[in-house]
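Dear colleague,

I am passing on the structure we spoke of, together with some notes on what turned up when I went through it. Please look it over before reading on.

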Amino acid sequence: MMDPVLYHDWHPVARSEQIATSAMLAADLLDTRVLLWRDSAGLLHAWEDRCPHRGTRLSMGALQNDQVTCPYHGWRFGKEGRCQHIPALPNAPLKAQVTQYQVQEQYGLAWVCLGTPAHNGPPAFPEFASDQLRKVWCGPYAVQASAPRIVENFLDMAHFAFVHEGILGHQDEPVIPDYKVETFDDPEYGSGVWAKECYAWQPQASRSATGASDIEYTYRVIRPLSTILTKNPPGAIREAIAMFVQPLTETSSRAWVIMALNDFVSSEESMREFQDTIFGQDLPILESQYPARLPLAPGAEVSVACDRMSLAYRGYLKQQDLQYGVIR
């Protein structure tokens, strides 16, 4: 079963810098094997990673002179995906065609759409354009859980005091004050659902934090598998952490995190280590959740008032008619 919502959306599959000129990289997306390769002019291509002859992964073959050679029988395919040569039958008609996908590079990532794009490009991330914010890429984090489960965890503040005790929360300060949840439609982020005026007491809100404080967050879900957390301290520039989840299968995913922060003092390594620690604490929780797919039916899981953003996210997914990685 293929979900049309995700099939026609854009998904991150690799860091752009991973794919050098005249190099290939294999990726997986929505139960589909994807081949990424960059030609001699620097243009990125995305194909189905499957030779149309006998189904071998083309990424196991070779790339030379802007032609991809299958490792099984040596069939060669040009830039447009059409077979150029069959060694065993040099005079055979060349009808074989590799399936091609649309690909874009944005925010330092390669994004692929398997279908006909319902959007002009990847989700909006306005903070990425600010030269006053430092960009740090984290992950990708491999998770044996559905992509919607990962997004919902990102939106949840009540777990801070238990899963991230001593960093993002403390068991002596577990209360989450009420916050607002609304839909939005604006030129910066597009449309979706957001939670604002979200406060949490945190011993160390970031790598550069020097003490505990009440932190105000705004959470935005801008696509079914894309979300941005922003902080806008009084008198300071807005910071953001974006998470884009790549669905490998219905119950396995990779999470890509990009931080746009006003921290030019901490080393990039230490900032990434801080985020690695946070996600590493979330990982066993995410992989323990049952069912692995996110249940959308009312009453399938017990919810309370501080779960309002989670419930709004589930309602948003139902409105989008998402099928993949959820239980309807």
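How many of the 10 residues of strand E17 (residues 252-261) are buried? Please keep in mind that this is a predicted model. Taking buried to mean under 20% relative accessible area, nine of the 10 residues in E17 meet the criterion, so the strand is largely enclosed by the rest of the structure.

The pairing of E17 can be described next. Strand E16 (residues 239-249) runs antiparallel to E17 and is joined to it by nine bridges, and the two strands form a hairpin with two residues between them. Strand E11 (residues 134-143) also pairs with E17 in the antiparallel sense, in this case over eight bridges. Ile258 of E17 takes part in both pairings, since it is the bridge partner of Trp137 and also stands opposite Ala242.

As for the nonpolar cores, the largest has 64 residues, and those with the most contacts inside it are Leu36, Tyr219, Met243, Met309 and Tyr313. Domain 1 (4-113) and domain 2 (126-320) both contribute residues to this core, so it lies between them. Leaving aside residues up to four places away in sequence, Tyr313 touches Pro148, Val151, Glu152, Leu155, Val221, Pro224, Leu225 and Leu294. There is also a second, separate core of 19 residues, which includes Trp10, Cys113, Ala242 and Ile258; Ala242 and Ile258 are thus met again here, having already appeared as residues that stand opposite each other.

With best regards

Note on methods: Residues numbered from 1 in each chain as written. Predicted model: local features only at pLDDT ≥ 70, side-chain atom pairs only at ≥ 80, totals over all residues. Heavy atoms only, no water. Buried < 20%, exposed > 50% of the residue type's maximum accessible area, 1.4 Å probe, protein only. Helix = DSSP H or I, 4+ residues; strand = E, 2+ residues; numbered from the N terminus. Pairing = 2+ DSSP bridges. Core = buried A, V, L, I, M, F, W, Y, C linked by side-chain atoms within 4.5 Å. Domains from an automatic or database assignment. Contact = heavy atoms within 4.5 Å.
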